[in-house]
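This report goes through selected features of one protein model. Please look at the sequence and the structure first, then read the sections below.

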Amino acid sequence: MAHIHDLTALEQAAAVRTRELSPVEITEHYLERAGRLDRAVGAFVTLTADRALDQAREQEARIAGEDAAGLPPLLGVPVPIKDLNFVKDVPIHFGSATYDGFVAPVDDSVVERLRDAGTIMLGKTSTPEFGLPCYTETYVSEPARTPWDLSRSAGGSSGGAAAAVASGLAPAAQGSDGAGSIRIPASLCGLYGIKPTRGRISYAPIVPDLAGLSTNGPITRNVADAAALLDAMAHNNPGDLYWAPPPALGSFSAYVGRDPGRLRIARYAIPAVPGARVDPDVLAAYESASAVLESLGHEVEEITPPFGEEMVPEFEKLWFAFACMHPVSKEMEPKLRPLTAWLRERGNAVPAPVFLQAQSALQTATRFASLVTDLYDAVLTPTVTRLPVPVGWFEDVDSPEETFERMKGFAPFAAMYNVSGQPAVNLPLYWTPDGLPVGVMLGGRFGDEGTLISLSAQVEASVGGFWGDRRPPVW
């Protein structure tokens with residue numbers, strides 16, 4: 001190998017188990033890279049170097065004292081945590097200057113699960129204010145940038161997580177997705193990301209699941225790493241509002257390399273958002289993905305979009321209301337970014353009956369949409385409508401309302417799977433002649449991440465690995 005960061009997460013775990021690499025060696029490697037490169041990339045809001053090295057030393061001692069068969073599956077693999085998730089005794093900003101000085105009092109249960117799997121927490125990855133925008137530009141950290149062109153955005157809200165993995169600052173990362181927040185940055189950074197089924201991963205003990213729009217999930221360079229990370233993250237806790245059925249094969253990793261058989265795959269590329277337009281490069285990626293799927297023997301069929309534009313205002317009402325979830329005192333409100341302040345103003349004006357009516361309308365629409373999509377094993381769409389945009393592009397307008405309209409036009413495909421709760425993945429299959437990644441999205445039936453994983457792995461193998469010989473300039 002040339003560098004530790006050339007290895008996948010599972011390759012690093014295997015090297016630790018055979019003692020070819022030590023957890024301390026791996027951790028020091030990534031901390032050195034983050035210290036040298038992160039100011040340009042904007043992946044981290046907080047690096048926890050001392051904590052990470054302490055964890056690595058504990059794991060090193062464990063390797064010396066235990067049989068390899070009894071070690072956790074991801075022992076020694078660094079996996080940073082998004083700054084919307086609690087890590088006990090570590091500052092958490094939620095992407096907002098209004099939370100300066102706040103330290104998490106407990107661990108999120110997904111953080112506990114990742115620790116139990118043996119991963120090392122390098123730090124907290126950057127996220128936009130309260131995870132609301134689809135780009136990561138805040139008052140508390142550098143903008144998150146795609147390493148394929150550092151003048152362009154890594155997206156959001158898991159922008160820092162994606163920037164870290166794509167820049168070789170971490171082999172894999174935990175993210176979360178409420179309206180495309182894993183899949184959007186995965187597309188802009190050329191990564192594989194899974195938004196799991198609603199109820200697959202608990203938000204306990206503090207963050208409520210309410211409408212079930214948001215879920216945690218993995219961001220990686222390949223399918224096998226994502227499946228292994230999903231195995232580590234999947235769990236439920238008493239009091240969860242939603243539960244997902246367990247994988248039929250016992251684990252998500254069992255689907256990697258499994259022949260999916262001949263599948264029926266629907267496709268469409270018409271956005272539900274009025275006025276949204278899909279760029280030619282994005283359509284080229286979509287057509288290329290369709291051709292790859294057909295070459296593998298799958299039946300690809302054009303369908304009418306299952307969600308219509310009449311659902312967009314209903315989703316907006318939920319988004320406005322959820323912008324108000326994080327408490328902010330009156331004296332701290334001037335520290336909010338203009339978009340957040342505008343979203344919260346709109347959210348505070350949504351009466352409870354209107355919120356419930358919107359959620360009811362979306363559930364009804366989901367039931368009818370599922371009558372169509374459940375006829376197919378997967379549904380192919382673009383992930384976003386444009387190439388990675390320059391940092392600052394979303395706010396290079398006259399008002400927060402115009403920023404919001406740009407966000408809607410940029411990512412009109414992803415949110416339907418947050419509404420329905422179905423799993424969806426970003427496939428990093430296409431790069432432009434200028435070297436910019438363009439992802440495509442596959443959505444699946446509720447509870448059926450397995451089919452998406454086996455199909456994704458089949459596609460990955462057919463193209464010789466998603467990245468092939470490509471590496472971003474910072475690599």
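## A salt bridge between two strands

In this predicted model, Glu301 and Arg264 form a salt bridge, and their closest N and O atoms are 3.2 Å apart. Glu301 belongs to strand E8 (residues 299-302) and Arg264 to strand E7 (residues 264-267), so the salt bridge ties together parts that are 37 residues apart in sequence.

Glu301 has a relative accessible area of 28%, so Glu301 is partly exposed. Arg264 has a relative accessibility of 31% and therefore also counts as partly exposed. Arg267, Glu287 and Glu302 are joined into one network by salt bridges that share partners.

## Other salt bridges

The structure holds 20 salt bridges. One of them joins the side chains of Glu449 and Arg200, with an N to O distance of 2.8 Å. This pair links distant parts of the chain: Glu449 is in helix H14 (residues 449-462), Arg200 is in the loop between E5 and E6, and their positions lie 249 residues apart in the count along the chain. Glu449 and Arg200 are both buried.

A further salt bridge is formed by the side chains of Glu66 and Arg62, at 2.8 Å from N to O. Glu66 has a relative accessibility of 34% and so counts as partly exposed. Arg62 is partly exposed, with a relative accessibility of 34%.

## Ser202 in its loop

Ser202 sits in the loop between strand E5 (192-195) and strand E6 (215-220). Its relative accessibility is 2%; the cut-off for buried is under 20%, so Ser202 counts as buried.

The side chain of Ser202 reaches the backbone nitrogen of Ala204 at a distance of 3.0 Å. Setting aside residues up to four places away in sequence, Ser202 touches Ser109, Asn216, His235, Asn236, Asn237 and Asp240.

## Pro171 and its contacts

Pro171 lies in the loop between H5 and strand E4 (172-177). With a relative accessible area of 2%, Pro171 is buried.

Which residues are in contact with Pro171, leaving aside its neighbours within four places in sequence? They are Ala9, Gln12, Tyr30, Val77, Pro78, Val165 and Asp225. Pro171 and Thr220 are 49 residues apart along the chain, and their C-alpha atoms are separated by 6.9 Å.

## Confidence in the model

The average pLDDT of the protein is 97, and 100% of the residues score at least 70. Among the elements, helix H5 (residues 159-166) has the highest mean pLDDT, at 99. The lowest mean, 95, belongs to helix H3 (residues 49-65).

Note on methods
Residues numbered from 1 in each chain as written. Predicted model: local features only at pLDDT ≥ 70, side-chain atom pairs only at ≥ 80, totals over all residues. Heavy atoms only, no water. pLDDT = per-residue confidence, 0-100. Helix = DSSP H or I, 4+ residues; strand = E, 2+ residues; numbered from the N terminus. Buried < 20%, exposed > 50% of the residue type's maximum accessible area, 1.4 Å probe, protein only. Polar contact = N/O pair within 3.5 Å; in protein donor to acceptor, adjacent residues only side chain to side chain. Contact = heavy atoms within 4.5 Å. Salt bridge = Lys/Arg side-chain N within 4 Å of Asp/Glu carboxyl O.
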